Amino acid sequence: MLYNTEAIVVRNIAYGESDAIVTLLTPSGRLAVLAKGAKKPQSRYAAGVQLCVQGVFTLYRRSGMGTLSQVEIVNARRHLREDLQRAAYAAYFCELATAVAEEAPHGSETLYRLLVRALDKLEAAAQPPLMARVWETKILRMAGASPDWTTCVRCGQPLGEGPAPVAYLPGEGGFVCRRCLIPGTAADTMWTVPAVVPRILKSFESVPWTKLGSVQLRPATHRTVRRILEVQLRDFAGLSPKSRAMLESIDAVFPSTEEEGPESDG
Ligand SMILES: [Zn+2]
């Protein structure tokens, strides 16, 4: 049976000498297909199966894994492959999306649309690290691995709006209010963080990419948010993306990728 689906290439691994197994994220979920001869330079698929390409894919499927028959490229996203930093972030975005996507046809169109917009924005954006934090927050929500950031994980009461620092418990995956905090809790089981951090995480869950340009985080706040999200992804969503190590080495080489905006967390 031949059929068409809109999709984004989210993974591409060599298979044998000249074939590739391509993972597509479609509006109805994740789908792996065999792209015969895709690794040959003259292959008619070579351009269409690169990471982040968005297009209409014609697949042939009888039973088991489908075979790619044709690709009509809608958006090649060349900028994401020409720039080392953007390429690393794009790979990270795709890996996280792949990890939480359900197999087609049980997947979520929301995830697909979010990834389309994330990659569009990444091609144009000046702040890939900030985008990555927003993406991690949205992925955690989709994986059901984030708390309601602004309420206490122990008693469920709101953390409140005050300026006093709050405590994040990496072992419990959330923040606690002052009433529930046991005095003398060891520093490694409780991180004291600025009161703005839970509110930032909450807003990242729902902020549209178009509004991201107005968001600025202090470098120290960004590091705190990144550390909390890493714990949530690893310990509560079971995600340790391989592409993350690449991001960290790239950010170390290009320190300018840490945002250097004004000292505001607005
Ligand atoms: Zn509490």
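The questions below concern the pockets and the cavity of this predicted model.

Q: Why is the space lined by Tyr89, Arg133 and Arg226, among others, called a cavity?
A: The term is used where a 1.4 Å probe fits but cannot get out. The space of about 40 Å³ that is the largest cavity has a lining made up of Tyr89, Arg133, Arg226, Arg244, Leu247, Glu248 and Asp251, and it is therefore called a cavity because the probe fits there but cannot get out.

Q: How do you know how many cavities of 30 Å³ or more there are?
A: A search of the whole structure with that cut-off finds one.

Q: What makes the lining of the largest cavity charged, polar or nonpolar in its parts?
A: Arg and the acidic residues Asp and Glu count as charged, whereas Leu and Tyr count as nonpolar, so the lining divides into five charged, two nonpolar and no polar residues. Helix 7, residues 243–253, gives the most to this lining, with four residues.

Q: Why do Val10 and Lys242 count as lining residues of the largest pocket?
A: A lining residue has an atom within 4 Å of a point of the pocket, and Val10 and Lys242 are listed in that lining, together with residues including Cys94 and Ser243, so each of them meets the cut-off. The pocket holds about 200 Å³ of space, and helix 2 (84–100) gives the most to its lining, with five residues.

Q: What makes up the lining of the second largest pocket, by residue class?
A: This pocket, of about 160 Å³, has nine nonpolar, one polar and two charged lining residues; Arg178 and Arg179 are in the lining and count as charged because Arg is placed in that class.

How values were computed. Residues numbered from 1 in each chain as written. Predicted model: local features only at pLDDT ≥ 70, side-chain atom pairs only at ≥ 80, totals over all residues. Heavy atoms only, no water. 1 Å grid on protein atoms, 1.4 Å probe; cavity = no way out; pocket = protein on both sides within 12 Å on 5 of 7 lines; lining within 4 Å. Points joined across faces, edges and corners; volume = space filled by probe spheres on them. Helix = DSSP H or I, 4+ residues; strand = E, 2+ residues; numbered from the N terminus.
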